[in-house]
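Trainee: Please give me a close look at a single part of this structure, namely its salt bridges. I should also like to know how the surroundings are arranged.

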Amino acid sequence: MAKKSVKEANKNIDVDSGVRGASDKRFQIVLHVILIIMTAAAILPFVLLVASSLTDDATLMKFGYNFWPRKFSGYAYSYLFHSNGRSVFHAYGITIIITIVGTILSLLAGPMLGYALSRRDYSRGRVLTFLVFFTSLFNGGLVPSYIMWTQTFHVKNTIFALIFPTLLFNSFYIILYKNNFATNIHPALIEAAKIDGAGEWYIYFKIILPLSLPILATVGLLVALGYWNDWQNGLYFISDKNLYSLQQLLKSIIDNIKAMASVSTGSVADAVAKLPSNSIRMAMAVVGVIPIMALYPFFQKAFVAGISLGGVKE
């Protein structure tokens with residue numbers, strides 16, 4: 001009788017396991033379908049962007065945008081690099097410099113504030129945390145910021161205008177730093193280092209930062225992306241063409257084509273009409289995004305780990 005009960009119990013367990021297995025398999029299928037749709041939603045716009053940049057401009061105006069060029073043409077890239085090649089490469093250099101320097105300075109200054117706010121023995125931590133959070137809700141506005149940077153710090157038409165207005169900390173990044181340090185750096189580790197005679201600077205640079213590489217890589221990638229895509233600082237503070245960043249130069253090329261099209265007449269108008277006014281926008285977007293896309297896979301693992309760690313709160 002006991003053996004029969006055991007067999008029935010095992011049979012019921014096998015049935016339950018089979019049901020759960022089928023349910024899990026259906027869930028995995030639904031999850032994969034959702035992920036495939038989300039992946040396609042992210043990739044297809046870029047495919048459309050590249051295809052449009054390689055399409056003849058007249059065909060683009062007549063038939064609209066397609067995922068495959070109806071009439072292949074590389075004239076947009078030819079115009080971009082042959083007519084403006086030196087300016088484009090110079091702007092690339094400016095953008096690379098401000099991205100590297102701005103990211104390094106941000107990673108030097110930002111974690112210091114985040115680390116100070118994460119220390120429970122810091123008496124002013126609550127007040128500073130409130131001030132950091134407050135700046136995410138309110139700011140002084142564009143006009144006071146412009147007056148401050150141009151009349152007090154005199155950064156207009158200097159390379160510093162492309163670095164420092166963006167350098168001052170984003171409160172979101174500071175909160176990421178703070179949560180990461182508070183969650184993943186145990187206070188006992190700091191106390192042990194102090195007992196061994198380590199000072200605050202030694203603890204910060206030799207213990208805290210090496211244990212926080214994922215969050216540093218995450219924020220570093222976000223900051224670098226912000227510097228690379230920034231065009232507002234150039235629009236507000238830069239009128240010297242020798243200091244144009246890539247994004248500002250591309251915007252200037254588009255504005256020049258529009259201006260020529262609006263005032264040209266006769267044979268000049270015919271020449272302007274042949275310019276790739278539509279496809280060149282797509283070509284410029286491709287030129288601007290490819291370097292970031294090429295670098296992102298090297299930071300992907302640290303990016304995901306840093307977001308996971310920085311978003312956890314005790």
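Mentor: Buried means under 20% relative accessible area, exposed over 50%, and partly exposed in between, for a 1.4 Å probe and protein chains only. This is a predicted model, in which local features need pLDDT of at least 70 and side-chain atom pairs count only at pLDDT 80 or more, whereas totals for chains, interfaces and linings use all residues. Residues are numbered from 1 along each chain as its sequence is written, and side-chain values use heavy atoms, with hydrogens and water left out.

A search of the whole structure finds 4 salt bridges, each being a side-chain nitrogen of Lys or Arg within 4 Å of a carboxyl oxygen of Asp or Glu. Let us begin with Arg-119, whose side chain meets that of Glu-200 in a salt bridge of 3.1 Å, N to O. Arg-119 belongs to the loop between α3 and α4 (125-137), while Glu-200 belongs to helix α9 (residues 200-208), so this pair ties together parts that are 81 residues apart in sequence. Helices are DSSP runs (H or I, at least four residues), numbered from the N terminus. The two partners differ in exposure: Arg-119 counts as buried because its relative accessibility is 13%, whereas Glu-200, at 37%, counts as partly exposed.

A second pair is formed by Asp-121 and Lys-194, with side chains that meet in a salt bridge of 3.9 Å, N to O. Asp-121 is placed in the loop between α3 and α4 and Lys-194 in helix α8 (residues 187-195), so the pair ties together parts that are 73 residues apart in sequence. Asp-121 is exposed, with a relative accessible area of 52%. Lys-194, by contrast, is partly exposed, its relative accessible area being 30%.

What joins these two pairs is another salt bridge, in which the side chains of Lys-194 and Glu-200 meet at 3.3 Å, N to O. Arg-119, Asp-121, Lys-194 and Glu-200 are thereby linked in a network of salt bridges.

The surroundings may now be considered, beginning with helix α3 (residues 75-118), where Ser-118 has its place. Ser-118 counts as buried because its relative accessibility is 14%. A polar atom of the Ser-118 side chain lies 2.7 Å from the backbone oxygen of Tyr-115. If neighbours within four places in sequence are left aside, Ser-118 is in contact with Lys-178, Phe-181 and Ala-182, contact meaning heavy atoms within 4.5 Å.

Helix α3 also holds Ile-100. Ile-100 has a relative accessibility of 46% and therefore counts as partly exposed. Its C-alpha atom is separated by 9.9 Å from that of Ile-163, although the two residues are 63 residues apart along the chain.

One further loop deserves attention, that between α5 (142-152) and α6 (164-167), in which His-154 lies. His-154 has a positive phi of about 55° although it is not a glycine, and at 56% relative accessibility it counts as exposed. Asn-157 lies in the loop between α5 and α6 as well. Asn-157 likewise has a positive phi of about 55° without being a glycine, but its relative accessibility of 30% makes it count as partly exposed.

To return to the part you asked about, the network links Arg-119, Asp-121, Lys-194 and Glu-200. Within it, Arg-119 counts as buried and Asp-121 is exposed, while Lys-194 is partly exposed and Glu-200 counts as partly exposed.

Key:
Helix = DSSP H or I, 4+ residues; strand = E, 2+ residues; numbered from the N terminus. Polar contact = N/O pair within 3.5 Å; in protein donor to acceptor, adjacent residues only side chain to side chain.
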